[in-house]
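Welcome, and thanks for opening the viewer. Let's take a short walk through this structure together, one selection at a time.

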Amino acid sequence: MPLLRRLWRPAAHRAPLTVAEALRRAERHRQEGRYAEAGALVMRALELDGDNLHAHLLAAYLHAARRATAPAKAEFGWVLGHDANHARALLGLARVALEEGDDATCDELLCRALRFYPDFPEAAALLDALRADELQTPPAVPPALRVDRLRLPGTGRALIVGGADGGLIAAQPATNDASHVSEALARALRLATAALRRCGLGPLHRAIIEDERDAVFTRTDGNLIVSLALPRATDPPQGLLDVNRLWSATLHELRLAAASPPIAQRATPVSTPAADPTRRVS
Amino acid sequence: MSGPRLKLALEHDNATRGRHVRDIVQELQRLQWVRGAMIVAADGFVIAAELPSTVAVDSLAALTATLGRELETSAARLGRPSFSTAMFSADDGTMFLAGSRIGYLVVLADQQANVQAIRGALADAVGLIEVAWGDVSPA
């Protein structure tokens, strides 16, 4: 039994390691997506040297890689407590802030990182995406969109019409969380737009986001977003046809709304002023 | 309709995972219409990448990892299932994103890429990762 126990001991405890060796191995495991093993080695390193900055930074990365935001934030914070201008820790904490929806803190942290390290592509890319968010100006005139005239396909589960700033223009059905869905979709599309531009692929026009239940087909021109939730099994060309049809119908309705008197009654609850009626079909 | 199957047979020992993750990316990169592929950890670390030289890998990794986390966290906030795959189409190309245990698979493809085919290949790749990495218990 003692032999078996020794054989089954975790790899990190099998051999006496120096801090440097443990961290070197942890980095290698991280590069292979072996976060649990990497984490065990980092823990070992921290047992030997609790104040090792590299170990704390690696721990932060590994927590973030495993989507554990709170401990990642704590570790990035520890690093910054010991080196206030640590560029990687600033970037890490900025990404956590973005995840938490704290754009102002994210902006401030990225600016700090870039002030000390102007040639920091990841920070610059994220800041560009964040600043693109800020460029989304809310529209001056809210059109009263007759969403009841937008006919969902038979299998359609939900329709969201929103502005690129995340403001909800109309929803069908008009659920309580429609404005949150509109905001979340707009945020995701802005990040996708930034990624596509970084690759030189041009502006975003269409998206399909799938989960285990739905496929959300989306059309946008950078100002307006029309998204249609359909069953996941929907054939993509069919889903894209359906959202294209709704896109055209939405533009038509927005034109009518913009041309009608401002007191026109809304057919469905509308939360936020809409985008400047978009007329370009991209 | 399912997409082309990834021709990989993963060994499940830890020592070979690094090689397999590169194999997965290379197999994705070889698919028709595909210009490049990458696996990026949720913290933005590039695990493996086969991308055109014109693409700034680190910047793209930072943005796609942030996008992946945004899709996951917003779904969680709304009480919805997390995304499995996402496709974003622009004038000159299409980007696919799939969530996996070790991070996000990113595929850059031509604009006319067969969505179903690439989606199927991504599902295969995620399945391979789940099989190969699934036996590692969380630390």
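Which residue of β3(B) does Arg206(A) stand opposite? Before you look, two notes will help. This is a predicted model, where local features need pLDDT of at least 70, side-chain atom pairs count only at pLDDT 80 or more, and totals for chains, interfaces and linings use all residues. Residues are numbered from 1 along each chain as its sequence is written, while chains are lettered from A and ligands numbered from 1 in the order in which they are written.

Now select Arg206(A): facing this residue is Ser89(B), in β3(B). Widen the selection to strand β3 of chain A, residues 204-210, which pairs with β3(B) in the antiparallel sense over six bridges (strands pair if DSSP finds at least two bridges between them).

Next, show both chains. Here 49 residues of chain A are in contact with 54 residues of chain B, contact meaning that C-beta atoms, placed from the backbone, lie within 7 Å. On chain B, colour α1 (17-29), α2 (57-77), β3 (85-90), β4 (93-99) and α3 (115-133), the elements that each give two or more residues to the side touching chain A. Helices (H or I, at least four residues) and strands (E, at least two) are DSSP runs, numbered from the N terminus. The largest share of that side, 15 residues, belongs to α2(B).

Finally, select chain A alone and colour domain 1 (2-135) and domain 2 (147-259); such bounds come from an automatic or database domain assignment. Their C-alpha centres are 35 Å apart. Where they touch, domain 1 of chain A brings five residues and domain 2 of chain A brings four.

Terms used:
Two residues are in contact if their C-beta atoms, placed from the backbone, lie within 7 Å.
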